[in-house]
Amino acid sequence: MRNLLKIFAIVATVVIMAGCNRDATYLTSDPKELALTKTGGKDSVALHSDGAEFQLVSTPEWVDVALKDSVMYVEVKENMSGSPRSGNIVVKNGSKKLSLPISQASVASYMTVSRKSVTIGQNGEPDTLTVKTDGSDLHLENIEGIQTDFKNGVLTLKSNGNQGSTRKTKARLVCDSIAVDLLVVETGTVCSRCKGSGKVTCYICKGEGMTYCPYTTCLMCNGRGKTNCPECKGKGK
């Protein structure tokens, strides 16, 4: 009886070991490939097989991979190479191998801004924009003297102040190959349109104070030839 029990134990052990060491008949992943933006990021891949153990064979040098049970955790840093890059992550289970394609862009594919204009205070007080993009090299073109800082999707613009006339500049916000027009207003001590006087030439009588059809005192400016500046509302600044 004792010998019979030993035989059963040996047979059970063999069956269990055979099950644990059985070769995989398939090896797949979900997703089938990875495509990352220029800024990089983290992702995970679920591995599926009927084998016992997954092993990491090779990865591209710019990809960090951690394998835990049947999940592969992937991390890629920002692509600063200037060119798109691609490669394959290779894993195996028994005699089965899986080559997972992975790629990363080198330029931004989109950029949206919350507003198309910003106003910087007379003393350089900043204004902010919400910018959504998968790029990182965000900068202003066609304007000087404006400092920018882009963090966590928020672009901050400021200057050292403006003691002259208010300036309005049509600048360009650029991220890699994508550009968006941005009106930058630098508030000054005097209005740029009326030069601080608060008055502009009447657009009805052209400054003459009279109209000719019929010939009478201009009702818009009451014959003065000047009206309040529409830019500063007559304040001069």
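In this predicted model, strand 2 runs parallel to strand 8 (residues 96-104), and three bridges hold the pairing together. One contact to look at here is Leu34, whose bridge partner in strand 8 is Ile102. Both strands belong to an open sheet of four strands, ordered 2-8-7-4, and the pairing across that sheet is mixed. Strand 2 (34-36) and strand 4 (54-58) sit at the edges with a single partner strand each, so one side of each has no neighbour in the sheet. Going from one strand to the next, the twist averages 25°.

Further along the chain, strand 11 (residues 127-133) turns up in more than one pairing. With strand 9 (residues 111-113) the arrangement is antiparallel, and three bridges join the two. Val113 is one end of a bridge here, and its partner in strand 11 is Val131. Strand 11 also pairs with strand 14, again in the antiparallel sense, this time over four bridges. Two of the residue pairs can be picked out: Asp127 stands opposite Leu157 of strand 14, while Thr128 has Thr156 as its bridge partner in that strand.

The two faces of strand 11 are easy to tell apart. Asp127, Leu129, Val131 and Thr133 make up the covered face, and Thr128, Thr130 and Lys132 the uncovered one. Val131, the bridge partner of Val113, is thus on the covered side. Strand 14 (residues 154-158) splits in a similar way, with Leu155 and Leu157 on its covered face and Val154, Thr156 and Lys158 on its uncovered face. Put next to the bridges, this gives a neat picture: Asp127, on the covered face of strand 11, stands opposite Leu157, which is on the covered face of strand 14. Thr128, from the uncovered face of strand 11, is matched with Thr156, which lies on the uncovered face of strand 14.

Strand 14 has strand 13 (residues 147-151) as another antiparallel partner, and five bridges link them. Within this pairing, Lys151 stands opposite Val154 of strand 14, and Val154 is on the uncovered face of that strand. Strand 13 and strand 14 form a hairpin with two residues between the strands, and in this hairpin Asn152 adopts a positive phi near 50°.

Definitions and conventions:
Residues are numbered from 1 along each chain as its sequence is written. This is a predicted model: local features need pLDDT of at least 70, side-chain atom pairs count only at pLDDT 80 or more; totals for chains, interfaces and linings use all residues. Side-chain values use heavy atoms; hydrogens and water are left out. Buried means under 20% relative accessible area, exposed over 50%, partly exposed in between (1.4 Å probe, protein chains only). Two strands pair if DSSP finds at least two bridges between them. Axes are lines fitted to C-alpha atoms, for helices over the stretch in contact, and angles run from 0 to 180 degrees between N-to-C directions.
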